[in-house]
Amino acid sequence: TSQALFEELSNHTRTMHWEVDAKGLYTYVSPNIKTLLGYEVEEIVNKRYFYELRPKEDQEGLIKRVFKLFKSQQPYHDIEGRILTKKGHVLWILTYGFPVFLKDGTLKGYRGSNTDITKEKMTLDELKESKLRFKTLHNASFGGILLHDQGIILECNQGLARLFGYSYDSFIGMSTL
């Protein structure tokens, strides 16, 4: 069946599919919630609201934000946030959702997906930390460090700018020719 095919495909991804009613109560979650978050489907469907799976400090802001979207009945995408596994570990997710309506036009709820982006988020955080360490060392150096393209200064450290008696901002863009 189409449902079995859909669930089999879902099981091989880091994306959980879901449906919530207009109050935010889960009415469906894909079976891979067990793999991703450690919950059985039966622990979530018709028992938990979407915000209950979020860290306490994130819940109030998320509730306001999501129910504002529900009120506007607009689809949403690229919403980053944190979600908790059953064991209490924090994962980062990217959420997409779209409204579902009853035949009379009343909002039934939303359907969507949460994709685990924890690895990507950690890699990005590590890159930011590395960039900050490099920038700190770069600017603390008393020797001159210069990056140029065809004689136009693209980047330098504070030490080089000071060595030539310029401010950093005025040195960038100058010609070395």
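Here's a quick tour of the cores, charged pairs and surface features in this structure. Keep in mind that it is a predicted model. The largest nonpolar core has 25 residues, and the structure holds 9 salt bridges. We'll start inside and work outward.

**The nonpolar cores**

- In the largest core, with its 25 residues, W18, Y26 and L37 are the ones with the most contacts inside it.
- Lots of elements chip in here: β1 (15-21), β2 (26-29), α2 (33-37), α4 (56-72), β3 (76-84), β4 and β5 (107-116) each give at least two residues to this core.
- Helix α4 supplies the largest share, which is 4 residues.
- There's also a second, separate core of 6 residues, and its members include I153, C156, A161 and F171.
- Both cores fit a broad pattern: in soluble globular proteins, nonpolar side chains tend to be buried together.
- Which residues does L37 touch, once you skip those up to four places away in sequence? The list is M16, L53, I83, L84, T85, K86 and L91.

**Salt bridges that link parts of the chain**

- Among the 9 salt bridges, one joins the side chains of D116 and R14, with N and O 2.2 Å apart.
- D116 sits in strand β5, while R14 is in the loop between α1 (2-11) and β1, so this pair ties together parts that are 102 residues apart in sequence.
- Is D116 buried or exposed? D116 counts as buried, because its relative accessible area is 12% and the cut-off for buried is under 20%.
- Its partner R14 is partly exposed, at 41% relative accessibility.
- Another salt bridge pairs E19 with R111, and here the closest N and O atoms are 2.3 Å apart.
- This pair also links distant parts of the chain, with E19 in strand β1 and R111 in strand β5, 92 residues apart.
- E19 is buried, with a relative accessible area of 13%, whereas R111 is partly exposed at 35%.
- A further salt bridge connects D58 and R82, whose closest N and O atoms are 2.9 Å apart.
- D58 belongs to helix α4 and R82 to strand β3, so the pair ties together parts that are 24 residues apart in sequence.
- D58 is partly exposed, with 24% relative accessibility.
- The story doesn't stop with that pair: salt bridges that share partners join E57, D58 and R82 into one network.

**Polar side chains that are buried**

- Back to E19 for a moment: leaving out residues up to four places away in sequence, E19 touches L25, Y26, T27, Y28, V100, K108, Y110 and R111.
- The E19 and R111 side chains also make a polar contact, at 2.3 Å.
- T95 is found in strand β4, which covers residues 90-101.
- Why does T95 count as buried? Its relative accessibility is 7%, and under 20% means buried.
- The T95 side chain makes a polar contact with the side chain of N114, at 2.9 Å.
- Leaving aside neighbours within four places in sequence, T95 is in contact with W18, R54, Y76, H77, D78, I79, S113 and N114.

**Loop residues with a positive phi**

- Some background first: most residues other than glycine have a negative phi.
- Q73 has a phi near 55°, a positive value in a residue other than glycine.
- Where does Q73 lie? Look in the loop between α4 and β3.
- Q73 is partly exposed, at 31% relative accessibility.
- Q150 also has a positive phi, near 50°, and is a residue other than glycine.
- You'll find Q150 in the loop between β6 and β7 (152-156).
- Q150 counts as exposed because its relative accessibility is 71% and exposed means over 50%.

**A nonpolar patch on the surface**

- Which residues form a nonpolar patch on the surface? They are L147, I152 and L154, and together they have about 260 Å² of accessible area.
- L147 lies in strand β6, residues 146-149.
- L147 is partly exposed, with a relative accessible area of 48%.

Technical notes
Residues numbered from 1 in each chain as written. Predicted model: local features only at pLDDT ≥ 70, side-chain atom pairs only at ≥ 80, totals over all residues. Heavy atoms only, no water. Patch = residues over 30% accessible without salt bridge, like charges linked within 9 Å, V, L, I, M, F, W, Y side chains within 5 Å. Areas by Shrake-Rupley, 256 points an atom, 1.4 Å probe, with all protein chains shown as cover. Salt bridge = Lys/Arg side-chain N within 4 Å of Asp/Glu carboxyl O. Buried < 20%, exposed > 50% of the residue type's maximum accessible area, 1.4 Å probe, protein only. Polar contact = N/O pair within 3.5 Å; in protein donor to acceptor, adjacent residues only side chain to side chain. Contact = heavy atoms within 4.5 Å. Core = buried A, V, L, I, M, F, W, Y, C linked by side-chain atoms within 4.5 Å.
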